[in-house]
Each structure stands twice: as structure tokens, then as C-alpha cells.
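Trainee: I am new to this structure and would like a close look at a single part of it. Could you pick one helix and walk me through what surrounds its residues?

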Amino acid sequence: MVKGNKVLMKDSETNEERLVDCSKKSAKYPDLLKDLPYFRKGDKVKFTPGKWYTYKGFRAYNLTDSKFEYNKDSIQIRKDMEKIEKFKADSTKRATR
């Protein structure tokens with residue numbers, strides 16, 4: 001689950017929930033903030049926690065001290081699909097004028 005700049009993940013093996021704070025851009029993850037809206041339930045991510053703090057009852061991990069891996073190709077495909085749909089809609093509008 002993604003809300004704002006935070007990602008709530010559920011470990012597929014232990015069912016433990018982890019909240020990752022992605023609010024700060026880092027050199028390791030320069031595009032993550034732009035990619036967050038394209039994450040979907042069930043996307044596989046690999047997460048190695050680092051330093052943490054408490055946020056609304058959750059242990060929230062700072063991204064800068066953690067290791068976070070995700071499939072950037074899946075995210076790019078979703079971004080591209082959005083652009084294609086917008087292009088089609090714009091083209092249809094122009095053709096009907």
C-alpha cells in the first residue's frame with residue numbers, strides 16, 4: 001500500500017507489516033518518489049531494514065539507511081501505459097474536431 005511518501009509492505013513469509021518512509025530523495029533511489037504512485041498490491045519488493053522510528057503506531061524505516069529493491073521495469077510499463085492512454089484520448093479528441 002502506498003500513501004503519500006510512505007509504503008506499507010507485508011512480508012509474504014511472516015505477514016509482518018513494515019512501513020518505509022520514502023519522503024527523502026536519495027542517490028540510491030533517485031526515481032522512487034516518482035515511481036510510488038505506480039506500485040500495485042502484490043508487487044514484489046526486497047527490503048533490508050535500517051534505522052527506524054515510530055509513526056502512528058508503525059515502526060517506520062528510513063530509506064537512506066535501508067536497502068529497497070523493486071522491479072523498475074514493471075513500474076516503467078505502467079507509466080508508459082498511462083502515457084499511451086493519454087495519447088489515444090488526445091488523438092481521439094483531435095480527430096473528432
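Mentor: Here is a walk along one helix, followed by a short visit to some loops and a hairpin.

Please keep in mind that this is a predicted model. Our helix is α2, which covers residues 72–95. Helix α2 has 24 residues and spans 34 Å from its first C-alpha to its last, close to the 34 Å expected at 1.5 Å a residue.

Let us begin at the start of α2. There, a side-chain oxygen of Asn 71 comes to within 2.9 Å of the backbone nitrogen of Asp 73.

Further along, stop at Lys 79, which is also in helix α2. Is Lys 79 buried or exposed? Its relative accessibility is 15%, so Lys 79 counts as buried, because buried means under 20%. What does the side chain of Lys 79 make a polar contact with? Its partner is the side chain of Asp 35, at 2.5 Å. If we set aside neighbours within four places in sequence, Lys 79 is in contact with Lys 34, Asp 35 and Tyr 38. Asp 35 therefore appears both as the polar partner of Lys 79 and in this list of contacts, with Lys 79 itself counted as buried.

Now for the charged pairs in α2. Side chains of opposite charge can pair when their charged atoms come close. The side chains of Glu 85 and Lys 88 meet in a salt bridge, at 3.8 Å from N to O. These two residues both lie in helix α2, 3 residues apart, which is about one turn of the helix. Glu 85 is partly exposed, with a relative accessible area of 49%, and Lys 88 is partly exposed too, at 46%.

A second pair is Lys 86 and Asp 90, whose side chains form a salt bridge at 3.1 Å, N to O. Lys 86 and Asp 90 are 4 residues apart in α2, so about one helical turn separates them. At 53% relative accessibility Lys 86 counts as exposed, whereas Asp 90 is partly exposed at 22%. Elsewhere, salt bridges that share partners join Asp 11, Glu 16 and Arg 18 into one network.

Just before the helix in sequence, you can find another such pair. The side chains of Glu 69 and Lys 67 meet in a salt bridge at 3.4 Å, N to O. Glu 69 is partly exposed at 33%, and Lys 67 is partly exposed at 45%. The count of salt bridges comes to 7.

To put α2 in its setting, look at the hairpin of β5 and β6. Strand β5 (residues 52–55) and strand β6 (residues 58–62) run antiparallel and are joined by 4 bridges. Trp 52 stands opposite Tyr 61 in β6. The hairpin has 2 residues between its strands, and Lys 56 lies in that loop. What is the phi of Lys 56? It is positive, about 50 degrees, although Lys 56 is not a glycine. Most residues other than glycine have a negative phi. Lys 56 is exposed, with a relative accessible area of 71%.

Asn 15 offers a second example: its phi is positive, about 65 degrees, and it is not a glycine either. Asn 15 sits in the loop between β2 (6–10) and β3 (17–21).

Technical notes:
Residues are numbered from 1 along each chain as its sequence is written. This is a predicted model: local features need pLDDT of at least 70, side-chain atom pairs count only at pLDDT 80 or more; totals for chains, interfaces and linings use all residues. Side-chain values use heavy atoms; hydrogens and water are left out. The expected span of a helix is 1.5 Å times one less than its number of residues. A polar contact is a pair of N or O atoms within 3.5 Å; within protein, one must be able to donate a hydrogen and the other to accept it, and residues adjacent in sequence count only if both atoms are side-chain atoms. Two strands pair if DSSP finds at least two bridges between them. Buried means under 20% relative accessible area, exposed over 50%, partly exposed in between (1.4 Å probe, protein chains only). Contact means heavy atoms within 4.5 Å. A salt bridge is a side-chain nitrogen of Lys or Arg within 4 Å of a carboxyl oxygen of Asp or Glu.
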